Protein chains: 2
Amino acid sequence: MPNTPRPPRRVTIPDVARHAGVGQATAARVLGGYGSASAATRERVLAAAAELGYSTNAVARSMISGRTHTLGVVVADVENPYFARAVRGVTDVAAKAGLQVVLANSDENGETEKSAVQMFIERRVDGLVVAPAAAEHGHLDKAVASGIPVVLLDRVLTGAELDSVVVDNRGAAKAAVARFTGAGHRRIAVITSASGDEDSVRLAPGADIWTTTERLTGYRQALRAAGIPREAELIRHTGYDRTWARSAVLDLMSSDDRPTALFTTDNVATLGTLDALLDLGARIPDDVSVIGFDDAEWATLVRPRLSVVGQPVQELGGLAADILVRRINGSTARPRRHTLRTTYLARESTGPAPVRLRRLAVPGE
Amino acid sequence: MPNTPRPPRRVTIPDVARHAGVGQATAARVLGGYGSASAATRERVLAAAAELGYSTNAVARSMISGRTHTLGVVVADVENPYFARAVRGVTDVAAKAGLQVVLANSDENGETEKSAVQMFIERRVDGLVVAPAAAEHGHLDKAVASGIPVVLLDRVLTGAELDSVVVDNRGAAKAAVARFTGAGHRRIAVITSASGDEDSVRLAPGADIWTTTERLTGYRQALRAAGIPREAELIRHTGYDRTWARSAVLDLMSSDDRPTALFTTDNVATLGTLDALLDLGARIPDDVSVIGFDDAEWATLVRPRLSVVGQPVQELGGLAADILVRRINGSTARPRRHTLRTTYLARESTGPAPVRLRRLAVPGE
DNA sequence: CTGTTAGCGCCTTCAC
DNA sequence: GTGAAGGCGCTAACAG
């Protein structure tokens, strides 16, 4: 690490006090906005401050108050629209409470997350929002132990005594797939970036994200509820890559006994799925119905417009910040899971199961 | 503001020193990783620290060093994929340099930006990345004056002695439109969220973003270079709303003398444009060619895939952070504009000008 | 209402 | 190699 030179000395309260000809406590009082001072001295001090270009040193203030008016946020990746929206939700609520937001990306890497949390503890952030990638939560417990409240975003962690803000992924997925079964579909495939288990086709190893796993469970439950036997062939784990999802769907749809409905558990899977379907010249929903999880700006751009399970993403972030603000203000409510409602956005990509299968195109690649 | 209780007292160096039975300076040396200590005492101190659960107080450290190892970033909106990517670029480079990133959204509001910058100055961030919304730069000059280097991202500010990291918006737009004229197009429209001026049709007032204005200028230059007279009818200012862009294109394409090529200066305009074109049943590029500015994940999802002017967004953010790191390390190079290259991504949405105009559908709404 | 004084936790001389 | 003392800029008691 290169030896960073010291920044220039800034104007301090003693400087202003001297310039105004008052004691430094007096200057501190008017500049800090506490205690009281006569209108006359206040004028003098303010004038001196303006003249010298004084600005509060929040670091020194934090030193005393023990508060940094800062929230730490750890997400997988701000570039992911989901997290971008969530972060926006956090910052909006935080800003209203006079808090700033420090951002860290974990890239779904537990170690990266841990070191980010460690830095946040050292910097004495007032609260922490984490979309956990690590399965353990020792580092989060440490934060809590040192007085920093933690809220989990988007995902829960079993065994952790922490607040969490999530949606009912399982229930929402189950309800979505139930729309398929209700419309007569029997061969319903799921495309997911979740890592696979024994009874499914796995293309690549993937992080075991709680959300997608839950959605997968919801899918299974919906099939079971409709009396449809589970079929490994129809469960495609693609890993977090759009082109893999595309290949999976291309393969899936080339079968003589291809599915008539596709459920995608995340946007990467959805993107790859639509990509494949477009190349196959599949007619949606005549040939195949599609429901995605999580809305996106392009969901209403494609034709037909895509039906999706919408999540109140920004609200999730906002609620997380809200909980932190309350805890910072002294709340000692028992940590709990906060579940927000999803909304099924019925658009044009779903229809009844086709009676017979139409022949699809064979894409070049 | 509710009276936030003081956080619990944390383990300090004196605590560790006492526990280890050494002087606090010694403890400080091993914990701070400077000076020297015998292997034996180092052991003792480290053990004591671990036992007590000591963690460095970065605030106290900043107090002395004058550095907070923090970068402030002000963008219009992290939810905007462009800024999300840029922020990611900043955080990646920052993290490598041991800096954390504090995020603020201005929503293109100059006052919001100013107060964010003011907070950053008070918090003593080590550097500032700003995508300026405010036309003045007094607040930025103040930051620089107090020793905080500032880099402008995505936009320049006339008259400001600041580093900036941008692309050649004008040139890239001109080159893109030149592809239209080169392919025989004569009626070329532009859809933009930039606010209008006298010679164009304006749907709504919009922020005068430098980038879009520049791209508009590039469009005009390309037409002039091809000897095509400017026509107000073909320049549509839509404001920052996808549906307005949609209406503009619907209107544009209903003309008997409709354009055969559309250039969109930003993603909101592009989204609305494609939306309209899809509803009109327009064949791209047979009926109309389209080029958008800035790539997006859905650009390769629509069929035909959309040709766009791609920007190295993440690199822009990374370079901004890089410049800051250098300045923090003492560089006093004269501030200048850093222009990164755009890349025209030729896909499938452009073709020769149609010989005769096909009748288009009339969408319901 | 105003000024003096002691720290917040750490780093940094400086002696030992 | 180690310890004691001073101070970063501010706030929080206290006196006056």
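Which helices of chain A and chain B each supply at least two residues of the surface near DNA strand D? In this predicted model, they are H2 and H4 of chain A together with H2 and H4 of chain B.

**The surfaces near the DNA strands**

The surface near DNA strand D receives its greatest contribution from H4(A), which gives 4 residues. Around this strand there are 25 residues, of which A:Ile13, B:Gly23, B:Ala25, B:Thr26 and B:Ser36 come nearest.

DNA strand C has 26 residues around it, and those that come nearest are A:Gly23, A:Ala25, A:Thr26, B:Thr12 and B:Gly32. Helix H2 (24-32) and H4 of chain A, with helix H2 (24-32) and helix H4 (58-65) of chain B, each supply at least two residues of the surface near DNA strand C. Here the largest share, 4 residues, comes from H4(B).

The table sets out the make-up of three surfaces by residue class.

| Surface | Nonpolar | Polar | Charged |
|---|---|---|---|
| Near DNA strand C | 12 residues | 11 residues | 3 residues |
| Near DNA strand D | 12 residues | 10 residues | 3 residues |
| Side of chain A that touches chain B | 25 residues | 15 residues | 13 residues |

**The contact between the chains**

Chain A contributes 53 residues to the contact, and chain B contributes 53 residues. On the side of chain A that touches chain B, at least two residues are supplied by each of helix H4 (58-65), helix H5 (81-96), strand E2 (100-105), helix H6 (110-122) and helix H11 (267-279). The largest share of that side, 6 residues, comes from H5(A).

Strand pairing also links the two chains: E2(A) and strand E2 (residues 100-105) of chain B run antiparallel and are joined by 3 bridges. Within this pairing, A:Leu103 stands opposite B:Val101 in E2(B).

How is chain A superposed on chain B? A rotation of 180° with 0.0 Å of shift along its axis achieves this, at an RMSD of 0.0 Å. The relation is therefore that of a two-fold axis. Among the C-alpha atoms of chain A, that of A:Val102 is nearest the axis, at 2.1 Å from it. The same surface serves both copies, as 100% of the contact residues of chain A recur in chain B.

**The nonpolar cores**

The largest nonpolar core has 99 residues, and those with the most contacts inside it are A:Val177, A:Val249, A:Phe263, B:Val177, B:Val249 and B:Phe263. A second, separate core of 98 residues includes A:Phe83, A:Ala97, B:Phe83 and B:Val165.

One residue from each core may be examined further. Leaving aside its neighbours within four places in sequence, A:Val249 is in contact with A:Ile191, A:Gly272, A:Thr273, A:Ala276 and A:Leu277.

B:Val165, in turn, lies in strand E5 (residues 163-167) of chain B. Is B:Val165 buried or exposed? B:Val165 is buried because 27 other C-beta atoms lie within 10 Å, whereas the criterion requires 20 or more. Apart from neighbours within four places in sequence, the residues in contact with B:Val165 are B:Val151, B:Leu153, B:Leu316, B:Leu319, B:Ala320, B:His338 and B:Leu340. B:Ala222 is 57 residues from B:Val165 in sequence, and the two are 24 Å apart in space, C-alpha to C-alpha.

Note on methods
Residues are numbered from 1 along each chain as its sequence is written. Chains are lettered from A and ligands numbered from 1 in the order in which they are written. This is a predicted model: local features need pLDDT of at least 70, side-chain atom pairs count only at pLDDT 80 or more; totals for chains, interfaces and linings use all residues. Two residues are in contact if their C-beta atoms, placed from the backbone, lie within 7 Å. Ala, Val, Leu, Ile, Met, Phe, Trp, Tyr, Cys and Pro count as nonpolar, Asp, Glu, Lys and Arg as charged, and the others, Gly among them, as polar. Two strands pair if DSSP finds at least two bridges between them. Copies are superposed by least squares on the C-alpha atoms of residues with pLDDT of at least 70 in both. A residue is near a molecule or strand if its C-beta atom, placed from the backbone, lies within 6 Å of it. A residue is buried if 20 or more other C-beta atoms lie within 10 Å of its own, exposed if 12 or fewer, and partly exposed in between; C-beta atoms are placed from the backbone. A nonpolar core is a set of buried Ala, Val, Leu, Ile, Met, Phe, Trp, Tyr and Cys residues joined through C-beta atoms within 7 Å.
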